[in-house]
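Reader: I have a protein model open and I'd like to learn how to read it. Could you take me through some features, one at a time?

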Amino acid sequence: MSRLPKDLVIQFQAPRTWEPPFYIHFWDRVPGGPGSGWPGERMEPSVGRSGWYLFRFPETESVRMVISDALGHQTPDLARDRDGWLDA
């Protein structure tokens, strides 16, 4: 019996020079799933953590991504295979 992977949760804190809303553009999701078009999916504020934003990938083992504010600021290409806290 195979088990589905758990959700992969990414938490992000942007530099003060970035402007919300923040977006997460992703591809190469394992197990396979659709990627996003640019600038990606909107990240939600993290409850109880001022200045932090999050995105939850359902049933995902790993993913590649870029986080941006859609105004010219963005991270380099990132890859995650576990929950994580990131800052730019």
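Reader: Let's begin with strands. Which residue in β5 is the bridge partner of Phe12?

Author: That's Tyr53. Before we go on, keep in mind that this is a predicted model. The Phe12–Tyr53 pair belongs to a bigger pattern: β1 and β5 (residues 52–57) run antiparallel and are joined by 6 bridges.

Reader: Which other strand is joined to β5, and by how many bridges?

Author: Strand β4 (residues 44–45), with 2 bridges, and that pairing is antiparallel too. Here Glu44 has Leu54 of β5 as its bridge partner. β4 and β5 form a hairpin with 6 residues between the strands, and in this hairpin Gly48 takes a positive phi near 85°.

Reader: How do I think about side chains on a strand?

Author: In a regular strand the side chains alternate between the two faces of the sheet. For a case to look at, try Gln11, which lies in strand β1.

Reader: Is Gln11 buried or exposed?

Author: Buried. The cut-off is under 20% relative accessible area, and Gln11 counts as buried because its value is 11%. Its side chain makes a polar contact with the side chain of Ser46, at 3.0 Å. Leaving aside residues up to four places away in sequence, Gln11 touches several others, including Trp52, Tyr53, Trp85 and Leu86.

Reader: Now charges. What's the idea behind a salt bridge?

Author: Side chains of opposite charge can pair when their charged atoms come close. In this structure there are 5 salt bridges. One of them is between Asp83 and Lys6, with 3.5 Å from N to O. That pair links distant parts of the chain: Asp83 sits in the loop between β7 (78–80) and β8 (84–87), Lys6 in the segment before β1 (8–13), and they are 77 residues apart.

Reader: How exposed are Asp83 and Lys6?

Author: Asp83 counts as partly exposed because its relative accessibility is 37%. Lys6, at 58%, counts as exposed.

Reader: Which residue does Asp28 meet in a salt bridge?

Author: Arg64, with an N to O distance of 3.9 Å. Asp28 is in strand β2 (residues 23–30) and Arg64 in strand β6 (residues 62–68), so this salt bridge ties together parts 36 residues apart in sequence. Arg64 counts as partly exposed, at 31% relative accessibility. Salt bridges with shared partners also join Asp28, Arg64 and Asp77 into one network.

Reader: And what about Arg82: which residue is its salt-bridge partner?

Author: Asp81, with the closest N and O atoms 3.0 Å apart. Both Arg82 and Asp81 are exposed.

Reader: Last topic: the backbone. What should catch my eye there?

Author: Exceptions! Most residues other than glycine have a negative phi, and most peptide bonds are trans. Here, Asp28 isn't a glycine, yet its phi is positive, about 50°. Glu59, also not a glycine, has a positive phi of about 45°. You'll find Glu59 in the loop between β5 and β6, and it is partly exposed, with a relative accessible area of 38%.

Reader: Where are the cis peptide bonds?

Author: One joins Pro20 and Pro21, with omega about 10°, and Pro21 is in the loop between β1 and β2. Another runs from Val30 to Pro31, with omega near -5°. Look for Pro31 in the loop between β2 and β3 (41–42).

Methods. Residues numbered from 1 in each chain as written. Predicted model: local features only at pLDDT ≥ 70, side-chain atom pairs only at ≥ 80, totals over all residues. Heavy atoms only, no water. Salt bridge = Lys/Arg side-chain N within 4 Å of Asp/Glu carboxyl O. Helix = DSSP H or I, 4+ residues; strand = E, 2+ residues; numbered from the N terminus. Buried < 20%, exposed > 50% of the residue type's maximum accessible area, 1.4 Å probe, protein only. Pairing = 2+ DSSP bridges. Polar contact = N/O pair within 3.5 Å; in protein donor to acceptor, adjacent residues only side chain to side chain. Contact = heavy atoms within 4.5 Å.
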